[in-house]
Amino acid sequence: MKLVFAIVSNDDGNTVMRELNKAGFSVTKMASTGGFLRAGNTTLLVGTDEEKIQSVIDVISKYSAKRKQVVFSPEPYIGGAAGYTSFPAEIEVGGATIFVVDVERFEKV
Ligand code: 2BA
């Protein structure tokens, strides 16, 4: 048996979990924090047989694909009247970091 750890964005966590459930996998969702950005992300745990690992990775990849998103970040005016304006910036969101580890023992008691 293997255990998949998948770190995805909070935006994708529920969708990926739902699609894994639909495909017949049990999932545990944990709130986590990235060490670099110190921002919240979602870690999903999936325990399954080795031959099903590729299916798990396929679902995660499909529903957490990297894509571009336009965000508007407020910037203060320089000079002129005091106030803020919005500048559009294109950022990349989504993607997943996946670890697959061996499970030495699995019990439900
Ligand atoms: P990603 O590499 O896509 O990583 C997204 C999140 O996945 C990370 O959030 C972390 O929670 C987890 N993660 C990635 N690789 C891991 C590993 N080897 N072990 C454990 N967890 C891992 P953050 O740490 O907040 O990083 C967010 C993004 O910042 C990263 O996206 C990467 O693009 C960048 N980044 C991370 N560390 C960096 C560093 N030391 N220097 C420059 N950029 C860094």
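What follows is a conversation between a trainee and a mentor about this predicted model.

Trainee: Before we start, what are the ground rules for this model?

Mentor: It's a predicted model, where local features need pLDDT of at least 70, side-chain atom pairs count only at pLDDT 80 or more, and totals for chains, interfaces and linings use all residues. Residues are numbered from 1 along each chain as its sequence is written, and side-chain values use heavy atoms, with hydrogens and water left out.

Trainee: How many helices and strands does the chain have, and how do you know what counts as one?

Mentor: There are two helices and six strands. Both are DSSP runs, numbered from the N terminus: H or I with at least four residues for a helix, E with at least two for a strand. Reading from the N terminus, the order is β-α-β-β-α-β-β-β.

Trainee: Why is Val16 called buried?

Mentor: Buried means under 20% relative accessible area, exposed over 50%, and partly exposed in between (1.4 Å probe, protein chains only). Val16, in helix α1, has 0% relative accessibility, so it counts as buried. Across the chain, buried residues make up 26% of the 109 residues.

Trainee: What is Val16 in contact with, leaving aside its neighbours within four places in sequence?

Mentor: Contact means heavy atoms within 4.5 Å. On that basis Val16 touches Leu44, Val59, Ile60, Tyr63 and Ser64, once neighbours within four places are set aside. Its C-alpha atom is also 9.9 Å from that of Val56, 40 residues away along the chain.

Trainee: And Asp12, why is that one called buried?

Mentor: Asp12 has 5% relative accessibility, so it counts as buried too. Asp12 sits in helix α1, and with neighbours within four places left out, its contacts are Tyr63, Ser64, Arg67, Gly94 and Gly95.

Trainee: What makes you say that the buried residues of α2 line one face of the helix?

Mentor: In α2 (residues 53-63) the buried ones are Ile53, Val56, Val59 and Ile60. Seen down the axis of α2, they fall within an arc of 130°, so they line one face. The arc is that of the directions from the helix axis to the C-beta atoms. What covers these buried residues includes β1 (2-8), α1 (10-22), β3 (40-48) and β6 (96-102).

Trainee: Where is Ile57, and what does it contact outside its neighbours within four places?

Mentor: Ile57 is in helix α2. Beyond those neighbours, it is in contact with Ile98 and Val100. Ile57 and Ala96 are 39 residues apart in sequence, with 9.6 Å between their C-alpha atoms.

Trainee: How do you know which residues surround the ligand?

Mentor: A residue is near a molecule if one of its heavy atoms lies within 4 Å of it. The surrounding residues are Ile7, Gly34, Gly35, Phe36, Leu37, Asn41, Thr97 and Phe99. This shell divides into four nonpolar, four polar and no charged residues. Ala, Val, Leu, Ile, Met, Phe, Trp, Tyr, Cys and Pro count as nonpolar, Asp, Glu, Lys and Arg as charged, and the others, Gly among them, as polar.

Trainee: What makes the pair between Thr97 and the ligand a polar contact?

Mentor: A polar contact is a pair of N or O atoms within 3.5 Å; within protein, one must be able to donate a hydrogen and the other to accept it, and residues adjacent in sequence count only if both atoms are side-chain atoms. A polar side-chain atom of Thr97 lies 3.4 Å from a ligand oxygen. With 3.4 Å set against the 3.5 Å limit, the pair therefore qualifies. A backbone N or O atom of Phe36 is 2.9 Å from a ligand oxygen, and a polar backbone atom of Gly35 is 3.2 Å from one.

Trainee: Why is Asn41 called buried?

Mentor: Asn41 has 17% relative accessibility, so it counts as buried. It lies in strand β3, and its side chain makes a polar contact with that of Ser32 at 2.6 Å.

Trainee: Thr43 is in β3 as well; is it buried or exposed?

Mentor: Buried, because its relative accessible area is 8%. The side chain of Thr43 makes a polar contact with the Ser32 side chain at 2.8 Å.

Trainee: Finally, why is Arg38 called exposed?

Mentor: Arg38 has a relative accessible area of 68%, so it is exposed. Arg38 is in the loop between β2 (28-33) and β3, and has a positive phi of about 55° although it is not a glycine.
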